[in-house]
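The exercises below concern one protein chain. Each gives a task, followed by a solution in steps.

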Amino acid sequence: MQAWQVHENGEPSEVMRLQEVERPTPGDGQVLLKVRAANINFPDVLMCRGHYQVRPPLPFTPGVEICGETEDGRRVIANPVLPYGGFAEYAVADAAALLPAPDALDDAETAALHIGYQTGWFGLHRRAGLQAGETLLVHAAAGGVGSAAVQLGKAAGATVIGVVGGADKAAVARELGCDVVVDRRAEDVVGAVKEATGGRGVDVVYDPVGGEAYTQSTKVVAFEGRIVVVGFASGTIPSPALNHALVKNYSILGLHWGLYATKNPRLILDCHRQLTELAAKGAIKPLVSERVPLAEAAAAVQRVGDGVTTGRVTVVPKGAEA
């Protein structure tokens, strides 16, 4: 089969190589899946660079989220077990962790439903307790992680403010349903958010960016507001001033979604059922901006790493339907 492999750490476009390799052999409790579509996530970029908290042994195949097909023809959502990731024609996954693919979504959309939407659901509902009528601020609202949070926020009845970088991304954020869109390249984020909220600020911040975005969040979070720290796509990890959290009376909430798989996997199943119901109603639908063939996966992973994409970019191996 064909698979992209990383033999040394570096930029994805430089270290990912498309090679002919043997199909992986599943271990105990594992299954071999035909990859119908593989979604590109920022952790794939970080793993290529050697900067992720999980460091699979070299060589490895990136791709942590797929829509796969079992031997008996069932469409499933899976997180491949590295080093046999999803940017290949076949991948390996734990049988107990497979989730049924929603009938309402095609293969590429299904591949993009899991990590970003689960992260959004846990962040907004379990960690931040977002309520209907509250105001939600989403950084990088047109990106893969942010776009999921925007849709989930709207589905929950919140007013959503999306922060983006550039006019093209602003247009995408509006299409996603943001009530207010702030272009950080053309506007003062803090001033624009305060104006949009009448000076009150926002109840919940969803931050997958870190760096300056986090600093802006602390200036616009409302009394008893909650800042959900999801990631650091900016490359800069903030050092919060806890005295500021004290005097403004807001909460800083960390979210590492992957921990639920070991700490409380039942919650992942419950979340998937709710996401499936939302998809069936049309309340959520992953924004797949690009569907690329397997041969173009490295370039696509690089674009995600460079921050120039919107929504989700999905790899569709030859012969798979998307």
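**Exercise 1.** Decide whether Val 164 is buried or exposed, and list its surroundings.

Solution. Val 164 has 3% relative accessibility and therefore counts as buried; buried means under 20% relative accessible area, exposed over 50%, and partly exposed in between, with a 1.4 Å probe and protein chains only. The model is a predicted one, in which local features need pLDDT of at least 70 and side-chain atom pairs count only at pLDDT 80 or more, while totals for chains, interfaces and linings use all residues. Residues are numbered from 1 along each chain as its sequence is written, and side-chain values use heavy atoms, with hydrogens and water left out.

Next, place the residue: Val 164 belongs to strand S9. Helices (H or I, at least four residues) and strands (E, at least two) are DSSP runs numbered from the N terminus. Then take the contacts, meaning heavy atoms within 4.5 Å. Neighbours within four places in sequence aside, Val 164 touches, among others, Ala 141, Lys 169, Ala 173, Val 182 and Arg 184. The C-alpha atoms of Val 164 and Arg 184 are separated by 6.0 Å, although the two are 20 residues apart along the chain.

**Exercise 2.** Determine the strand order of the open sheet of six strands, and what packs on the sheet.

Solution. The order is S10-S9-S8-S11-S12-S13, with parallel pairing; two strands pair if DSSP finds at least two bridges between them. Strand S10 (180-183) and S13 are at the edges with a single partner strand each, so one side of each has no neighbour in the sheet. On average, neighbouring strands of this sheet are turned by 20 degrees against each other, direction ignored.

Now check individual pairs. S8 and S11 pair in the parallel sense over three bridges, with Leu 137 opposite Val 205 in S11. S11 and S12 pair in the parallel sense over five bridges, and Tyr 206 stands opposite Val 228 in S12. In S12, seven of the nine residues are buried, so the strand is largely enclosed by the rest of the structure.

Finally, add the helices. H4 lies across S8, S11, S12 and S13 and runs at about 150 degrees to S11. Helix H6 (residues 167-176) packs on the sheet, touching S9 and S10, and its direction makes about 165 degrees with that of S10. Axes are lines fitted to C-alpha atoms, for helices over the stretch in contact, and angles run from 0 to 180 degrees between N-to-C directions.

**Exercise 3.** Which polar contacts does the side chain of Glu 134 make, and where is this residue found?

Solution. Glu 134 is in the loop between helix H4 (114-127) and strand S8 (135-139). Its relative accessibility is 15%, so Glu 134 counts as buried. A polar contact is a pair of N or O atoms within 3.5 Å; within protein, one must be able to donate a hydrogen and the other to accept it, and residues adjacent in sequence count only if both atoms are side-chain atoms. The side chain of Glu 134 reaches the backbone nitrogen of Gln 131 at 2.9 Å, and it makes a polar contact with the side chain of Arg 226 (2.9 Å).

**Exercise 4.** Which residues of helix H8 (residues 212-220) are buried, and what covers them?

Solution. The buried residues of H8 are Ala 213, Tyr 214, Gln 216, Ser 217, Thr 218 and Val 220. Their cover includes S8, helix H7 (189-196), strand S11 (202-207) and helix H9 (242-248).
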